[in-house]
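Hello,

Here is the structure we talked about. Please open it beside this message, and then read on for what turned up.

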Amino acid sequence: MRDEMTRLETYTSEIEAEIAKSRLEALGVTVVLEKDNCGGMRPHLDLQAGVKLYVVDEDLDKARDILAAGAVTTTTETWTCGGCGEKIDGSYDACWKCGRDRE
Ligand SMILES: [Zn+2]
């Protein structure tokens, strides 16, 4: 399987990138991080090149919505939207897809 991927974000630290990646993956988005720090041997290079986050094209809009949805909080149980049936990360109080409040 060779999905087309698009760069969604570039992070200045690997930590930020990993947090974003885990948020997206928790919601079923396929994410790949590209790090230019020579496999962690020279982590200071992160600040120059950044850590690039790629998302498969079909999940791009969803991924943007997820990352735009607010601050990073601790991961909690997912809930199912009563409006559209979407699985929503427990850190959100409203559906990212249809905007319905959590019940
Ligand atoms: Zn919904």
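**Helix packing**

Helix 1 passes helix 3 in a right-handed crossing. Please keep in mind that this is a predicted model. Helix 1 covers residues 14–26 and helix 3 covers residues 60–68. Their axes come within 10 Å and cross at roughly 120°. That angle is over 115 but not over 145 degrees, so it falls outside both roughly perpendicular and roughly antiparallel. Helix 1 is therefore oblique to helix 3.

Which residues make the contact? Helix 1 brings Ala20, Arg23 and Leu24. Helix 3 answers with Ala63, Ile66 and Leu67.

Lys21 is also in helix 1. Its C-alpha lies 9.7 Å from that of Leu67, with the two positions 46 residues apart in sequence numbering. Setting aside residues up to four places away in sequence, Lys21 touches Val31, Leu33 and Leu53.

**The zinc site**

Now to the metal. Which atoms coordinate the zinc ion? The donors are the SG atoms of Cys81, Cys84, Cys95 and Cys98, at 2.3 Å. Along the chain they follow the spacing C-x2-C-x10-C-x2-C.

What is the geometry of the site? The angles among the four donor atoms run from 103 to 119°. Four donors count as tetrahedral if all angles lie between 85 and 135 degrees, so this site is tetrahedral. For reference, the ideal angle for four tetrahedral donors is 109.5 degrees.

The zinc ligands also link parts of the chain. Cys81 sits in the loop between strand 4 (79–80) and strand 5 (87–88). Cys95 is in the segment after strand 5. The pair therefore ties together parts that are 14 residues apart in sequence.

Are these two cysteines buried or exposed? Cys81 has a relative accessible area of 3%, and Cys95 has one of 5%. Buried means under 20%, so both count as buried.

**Glu86, beside two of the ligands**

One more residue to look at is Glu86. It is found in the loop between strand 4 and strand 5. Its relative accessibility is 16%, so Glu86 also counts as buried.

What does Glu86 contact, leaving aside its neighbours within four places in sequence? Two of the partners are zinc ligands, Cys81 and Cys95. The others are Lys62, Trp79, Thr80, Trp96 and Lys97. Of these, Lys62 falls within the residue range of helix 3.

Best wishes

Notes: Residues are numbered from 1 along each chain as its sequence is written. This is a predicted model: local features need pLDDT of at least 70, side-chain atom pairs count only at pLDDT 80 or more; totals for chains, interfaces and linings use all residues. Side-chain values use heavy atoms; hydrogens and water are left out. Donors are N, O and S atoms within 2.8 Å of the metal (3.2 Å for Na, K and Ca); water is not among the atoms, so sites may look incomplete. Four donors count as tetrahedral if all angles lie between 85 and 135 degrees; four count as square planar and six as octahedral if opposite donors are over 155 degrees apart and all others between 65 and 115; anything else is irregular. Helices (H or I, at least four residues) and strands (E, at least two) are DSSP runs, numbered from the N terminus. Buried means under 20% relative accessible area, exposed over 50%, partly exposed in between (1.4 Å probe, protein chains only). Axes are lines fitted to C-alpha atoms, for helices over the stretch in contact, and angles run from 0 to 180 degrees between N-to-C directions. Angles under 35 degrees count as roughly parallel, over 145 as roughly antiparallel, 65 to 115 as roughly perpendicular and the rest as oblique. A crossing is left-handed if the near helix is turned anticlockwise from the far one by less than a right angle, and right-handed if clockwise. Contact means heavy atoms within 4.5 Å.
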